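Reader: Please take a close look at a single part of this model, the ligand and its surroundings. A connected account would suit me best.

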Amino acid sequence: MSQLQRIAIAPSQRTETQIILTSEQQHYLGNVLRLRGGDRFIAMDGQGHWWLSQLSTALNEAQILEAVEIHTELPIPVLLLIAMPKGNGMDEIVRQATELGVTDIVPLISDRTLLNPSPQKLDRWRRIIQEAAEQSERQVIPALHAPVNFPDALETWNSANSTCFLCEARDHHPHLLTLLSSSTLPTSPIILTIGPEGGWTETEIQQAIAAGYQPVSLGRRILRAVTAPIVALTVITSVFESIPQPSETV
Ligand code: SAH
């Protein structure tokens, strides 16, 4: 199954037995991937469902052959609140965070963030997320939220019903791994927030702590804004996925 091409479809394109393909998807399947009538591919709706599908001769639709069972998601939602770095740094972050299992990406406007992205930039990041989700066999396509000011983000995403971590390079905070492995693993969503290249201001750190965020370290070195989320998400996936799942225990 894994060698089959995967494409994302909107839930509205599917009936019980068929998928109606958009002209963009027909072009992609026929001209880019060079599939022909009768060839099989995987359709994924971004909401956790995959179907083995067979392309019609006219390439305008596909027959659903069977539902495919996969388990590539973390057991809990992981939200990344990220102060946007300069240049194309976000391209790298959204791609790699998707590969590492994040469920939501919230671009933050912080005191030291200069970037306020255009709608085109957001569309570009959504396309990168979709491609990365297809490539890494995600069941769920992570949501990219609209950019939000840090204080507003703290109103929406806080410790009321989540486990919140503020990654902070200075001071001697406990390591994220220590916190996750020294207590029972969270069963509520994890919210992870990463600051901008210039770091958080003291006010932002205090606001986050007041909203229930635990400041954490990712090690003794100062990581670039694009490296820090990868390290943090790697710690989270490692802690959750090194524990055998009930179906894997013998
Ligand atoms: N210029 C800042 C560092 C910014 S790095 C300074 O000198 O303090 C960008 C962001 O990555 C930081 O705001 C923090 O969220 C995260 N980060 C980088 N290295 C980290 C570390 N060792 N531990 C925790 N977070 C880190």
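Author: A residue counts as near the ligand if one of its heavy atoms lies within 4 Å of it. The model is predicted, and in it 20 residues surround the ligand. The closest of these are C167, R170, E197, L218 and R221. By residue type, the shell around the ligand divides into eleven nonpolar, five polar and four charged residues.

Polar backbone atoms also approach the ligand. E197, named above among the closest residues, has a backbone N or O atom 2.8 Å from a nitrogen atom of the ligand. A polar backbone atom of G195 is 2.9 Å from an oxygen atom of the ligand. At E168, a polar backbone atom lies 3.3 Å from a ligand nitrogen atom. On its own the ligand has 560 Å² of accessible area, and the protein covers 90% of it.

Apart from the ligand, one helix pair can be described. Helix α2, residues 89–99, packs with helix α3, residues 119–135, at an angle of about 30 degrees, and their axes are 8 Å apart. Angles under 35 degrees count as roughly parallel, so α2 is roughly parallel to α3. The crossing of α2 and α3 is right-handed.

Note on methods: Residues numbered from 1 in each chain as written. Predicted model: local features only at pLDDT ≥ 70, side-chain atom pairs only at ≥ 80, totals over all residues. Heavy atoms only, no water. Polar contact = N/O pair within 3.5 Å; in protein donor to acceptor, adjacent residues only side chain to side chain. Areas by Shrake-Rupley, 256 points an atom, 1.4 Å probe, with all protein chains shown as cover. Nonpolar A, V, L, I, M, F, W, Y, C, P; charged D, E, K, R; others polar. Axes fitted to C-alpha atoms, helices over the stretch in contact; angles between N-to-C directions. Helix = DSSP H or I, 4+ residues; strand = E, 2+ residues; numbered from the N terminus. Parallel < 35°, antiparallel > 145°, perpendicular 65-115°, else oblique. Left-handed = near helix turned anticlockwise from the far one by under 90°.
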